Amino acid sequence: MPEGDTIYQAARRLHAALAGHIVTLSDLRVPKLATVDLTGRTVLDVTPRGKHLLTRFEGGLTLHSHLRMDGSWRIYSPGERWNGGPAYQIRAILGTAERTAVGYRLPVLELMRTADEHKAVGHLGPDLLGPDWDPEPALGNLLATPDRPLGEALLDQRNLAGIGNVFKCEICFLLGVSPWLPVGELPDETAARIPALSKKLLEANRNRPSRITTGRDRPGHRLYVYGRAPRPCLRCGTPIRKGQQGDGSRDRPTYWCPTCQPGPTS
């Protein structure tokens, strides 16, 4: 599931493969970009912004993509078989003489002037893995809606950018509070921990192939609660529970330990 750490990794791979090279193959397979041809342009850089990817080209153009739940960018060498999914799922192909980047199942793909990138990412809060990270406005954003459940507030990219469903569940567990607890009911010392804890988790995982929040790199023990229902809590042995959080418009499974995380539930 793409979150800030995996987007950071994707940007690094794309940048290493494409930056500084001239595009020799361009195929953007969405209707509004069907006639766009980026061949002949040099890729300047690929930058992550929260859960967004910004691929910048000479001439002041940026290709903005977002992976949402199951999108991906794959990198291939000449002659290598593409294996990211069936051809009909391909939304973008950017090739150079040495590498080809193929975007599968991209729900968001748009080309814009680099000067207009703010229209795509300007609404985001401080980026947990970005140069603009600032814990004070991030915490202020979270506390600005005191009646909102903590889990929902953490997922709102306008508050702080980079947290997805996995880290949401893990952060709530490590704070020892229910994901359904209103932000305004958090003890002051608990609320104050959120920015630093969130940044610590994402930074610790930005270079890892598998997410680890427990410090244990063993199958079934890498995460405290996410995906572990109804197995026992790694701390207290209580069966982990699973519920849905949000308005139901998206599949947002939420995992928590009812003993280690007292408070309201789904």
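One of the sheets here is an open, antiparallel one, with 4 strands in the order β1-β6-β7-β5. This is a predicted model, so take what follows as a reading of computed coordinates. A second open sheet, also of 4 strands, has the order β2-β3-β4-β8, and the biggest nonpolar core, at 36 residues, draws on helices α3, α4, α5 and α6. Below is a quick tour, topic by topic.

**The β1-β6-β7-β5 sheet**

- The edges of this sheet are β1 (25-28) and β5 (72-76), each of which pairs on one side only.
- Going from one strand to the next, the twist averages 15°.
- β5 lines up with β7 (residues 100-104) in the antiparallel sense, over 5 bridges.
- If you want a spot to look at in that pairing, go to Ser 72, whose bridge partner in β7 is Tyr 104.
- Helix α1 packs on this sheet and touches β5, β6 (90-95) and β7. The direction of α1 makes about 35° with that of β5.

**The β2-β3-β4-β8 sheet**

- Pairing in this sheet is antiparallel.
- Why do β2 (43-49) and β8 (108-113) each have a side without a neighbour in the sheet? They stand at the edges with a single partner strand apiece, so one side of each is left unpaired in the sheet.
- The twist here averages 20° from one strand to the next.
- β3 (residues 52-57) and β4 (residues 61-66) are antiparallel partners over 6 bridges.
- Within that pair, Arg 56 has Thr 62 of β4 as its bridge partner.
- α1 (residues 4-18) turns up here as well: the helix lies across β2 and β3 and runs at about 175° to β2.

**Gln 89, a buried polar residue**

- Gln 89 sits in the loop between β5 and β6.
- Is Gln 89 buried or exposed? Its relative accessibility is 17%, and the cut-off for buried is under 20%, so Gln 89 counts as buried.
- Leaving aside residues up to four places away in sequence, Gln 89 touches Gly 103, Tyr 104 and Arg 105. Tyr 104 is also the β7 bridge partner of Ser 72.
- The side chains of Gln 89 and Arg 105 are joined by a polar contact of 2.7 Å.
- Gly 71 is 18 residues from Gln 89 along the chain, and their C-alpha atoms are 9.4 Å apart.

**The nonpolar cores**

- As background, nonpolar side chains in soluble globular proteins tend to be buried together.
- In the 36-residue core, the residues with the most contacts inside it are Leu 150, Leu 154, Ile 171 and Leu 186.
- Which elements give two or more residues to this core? They are α3 (135-143), α4 (150-155), α5 (165-175) and α6 (188-205).
- The largest share, 8 residues, comes from α5.
- A second, separate core has 24 residues, including Leu 38, Val 46, Leu 67 and Ala 92.
- Ile 171 touches Leu 154, Ile 163, Leu 197, Ser 198 and Leu 201, again not counting residues up to four places away in sequence.

**Helix α5**

- How many of the residues of α5 are buried? The count is 11 of 11, which leaves the helix mostly covered.
- The buried set takes in nonpolar residues such as Val 166, Phe 167 and Ile 171, and also Asn 165, Lys 168 and Glu 170.
- Among the elements covering the buried residues of α5 are α1, α4, α6 and β10 (253-256).
- Just past the helix, Gly 176 takes a positive phi of about 75°.

**Helix α3**

- Buried residues in α3 are Ala 138, Leu 139 and Leu 142. These residues span an arc of only 95° around the axis, so they fall on the same side of α3.
- The cover over the buried residues of α3 includes α4 and α6.
- Asp 134 caps the N-terminal end of α3, with a side-chain oxygen 3.2 Å from the backbone nitrogen of Glu 136.

**Asp 156, in the loop between α4 and α5**

- Asp 156 is found in the loop that links α4 and α5.
- At 10% relative accessibility, Asp 156 counts as buried.
- A polar contact of 2.8 Å joins the side chain of Asp 156 to that of Arg 158.

Technical notes:
Residues are numbered from 1 along each chain as its sequence is written. This is a predicted model: local features need pLDDT of at least 70, side-chain atom pairs count only at pLDDT 80 or more; totals for chains, interfaces and linings use all residues. Side-chain values use heavy atoms; hydrogens and water are left out. Two strands pair if DSSP finds at least two bridges between them. Axes are lines fitted to C-alpha atoms, for helices over the stretch in contact, and angles run from 0 to 180 degrees between N-to-C directions. Contact means heavy atoms within 4.5 Å. Buried means under 20% relative accessible area, exposed over 50%, partly exposed in between (1.4 Å probe, protein chains only). A polar contact is a pair of N or O atoms within 3.5 Å; within protein, one must be able to donate a hydrogen and the other to accept it, and residues adjacent in sequence count only if both atoms are side-chain atoms. A nonpolar core is a set of buried Ala, Val, Leu, Ile, Met, Phe, Trp, Tyr and Cys residues joined through side-chain atoms within 4.5 Å. The arc is that of the directions from the helix axis to the C-beta atoms.
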